[in-house]
Protein chains: 2
Amino acid sequence: MAHQTVGYPPGLPDDPHAHVEVPTPACPVEITLAVLQGRWTTLVLRELLRGGRAYSELRQALPKLSDKVLSDRLARLCALGIVERDRRAGWPPQVHYALTTRGQRLGPVLQAMWDWGVQGADRSTESRS
Amino acid sequence: MAHQTVGYPPGLPDDPHAHVEVPTPACPVEITLAVLQGRWTTLVLRELLRGGRAYSELRQALPKLSDKVLSDRLARLCALGIVERDRRAGWPPQVHYALTTRGQRLGPVLQAMWDWGVQGADRSTESRS
DNA sequence: CTGAATCCCTGCCGATACTG
DNA sequence: CAGTATCGGCAGGGATTCAG
């Protein structure tokens, strides 16, 4: 099934993905979650949302991030069509990374998560259905 | 650091969380991601967004989900103030689960993820910064 | 009915060292 | 500079079993 009714407390529109019963790529939310999953992934995306960066610049921005994980994240995001790799000729060799337009569309998603994280600090209100 | 600039391609507003360099609870996006992380979590939330459910109803809706994981998810979401537990007297013993208002605020987040997952199917467009 | 406890296994993440 | 190779530790998740 899928998370289609999200945002509609009582009533829910019909959606072909609305009956997913297992966490598979069939559910759009799971797809997005799969992209975002993995430690450091969102931090890398944040950096790239601020503009394209060279590998060394990313390393500099995220000092605690090892080569292996950074490479893994970038390779995975490239494979997913989120990030684009640009190997530039010359010396020293440099590789530039930038978000594809598909990747840039993740902006609103991260923004929504940001907003919830900020206001979520207060857990004062409660309600039941 | 944090993902504050999310959604603002070139320019980025100043934010105290904007300089997080390690994935810690200091970043709102990481907070939200932590809440959503874990297999099955979003599926459980989807079910609850459609209205409060009894434990048995959740099990029925997610047949492939084991008791342990469902219990873990619910307990964790309760601890986070996302879900509220309502132990009802009588026989057979039944426990009702519902989202708190804080939990319901996750609706827009999942909606954004849903939207991206749906349109993300096409990776035709690309661009560089 | 509703969970908590236990066991095992898998995959991720980090550190280190090495190559084009 | 920009990665890849390898190894080990550890936490997450599934199945099964037991308890309130």
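Here are some notes on helix 4 of chain B and on the protein surfaces around DNA strands D and C, all from a predicted model.

1. Start with helix 4 of chain B, residues 67–79. This helix has 13 residues and runs 18 Å from its first C-alpha to its last, close to the 18 Å expected at 1.5 Å a residue. Just past its end, G81(B) takes a positive phi of about 80 degrees.

2. Which residues of this helix are buried? They are L70(B), R73(B), L74(B) and L77(B). Looking down the axis of helix 4 of chain B, the buried residues fall within an arc of 95 degrees, so they line one face of the helix. As a reminder, an α-helix has 3.6 residues a turn, so residues three or four places apart point the same way.

3. What sits over that buried side? The cover includes helix 1 (28–36), helix 2 (41–49), helix 3 (55–61), strand 2 (83–88) and strand 3 (94–99) of chain B. On the face turned away from the buried side you'll find the exposed residues K68(B) and A79(B).

4. Now for DNA strand D. It has 16 residues around it, and the closest are S56(A), Y97(A), R39(B), K68(B) and R73(B). Sugar and phosphate make up 65% of the strand D atoms that come within 4 Å of the protein. By class, the residues of this surface split into 6 nonpolar, 4 polar and 6 charged.

5. Have a look at the individual contacts with strand D. K68(B), on the exposed face of helix 4 of chain B, puts a polar side-chain atom 2.3 Å from a base oxygen of DNA strand D. An N or O atom in the side chain of Y97(A) is 2.5 Å from a phosphate oxygen of DNA strand D, while a polar backbone atom of P93(A) is 2.9 Å from a sugar or linking oxygen of that strand. The elements giving two or more residues to this surface are helix 3 (55–61), helix 4 (67–79) and strand 3 (94–99) of chain A, together with helix 4 of chain B.

6. On to DNA strand C, with 18 residues around it; R39(A), K68(A), R73(A), S56(B) and Y97(B) come nearest. Here sugar and phosphate account for 68% of the strand atoms within 4 Å of the protein. The surface counts 7 nonpolar, 4 polar and 7 charged residues.

7. Phosphate oxygens of strand C turn up in several contacts. One is 2.8 Å from a polar side-chain atom of R73(A). The side chain of W40(A) has an N or O atom 3.2 Å from a phosphate oxygen of DNA strand C, and a polar backbone atom of S56(B) is 3.2 Å from a phosphate oxygen of DNA strand C.

Note on methods:
Residues are numbered from 1 along each chain as its sequence is written. Chains are lettered from A and ligands numbered from 1 in the order in which they are written. This is a predicted model: local features need pLDDT of at least 70, side-chain atom pairs count only at pLDDT 80 or more; totals for chains, interfaces and linings use all residues. Side-chain values use heavy atoms; hydrogens and water are left out. Helices (H or I, at least four residues) and strands (E, at least two) are DSSP runs, numbered from the N terminus. The expected span of a helix is 1.5 Å times one less than its number of residues. Buried means under 20% relative accessible area, exposed over 50%, partly exposed in between (1.4 Å probe, protein chains only). The arc is that of the directions from the helix axis to the C-beta atoms. Contact means heavy atoms within 4.5 Å. A residue is near a molecule or strand if one of its heavy atoms lies within 4 Å of it. A polar contact is a pair of N or O atoms within 3.5 Å; within protein, one must be able to donate a hydrogen and the other to accept it, and residues adjacent in sequence count only if both atoms are side-chain atoms. Ala, Val, Leu, Ile, Met, Phe, Trp, Tyr, Cys and Pro count as nonpolar, Asp, Glu, Lys and Arg as charged, and the others, Gly among them, as polar.
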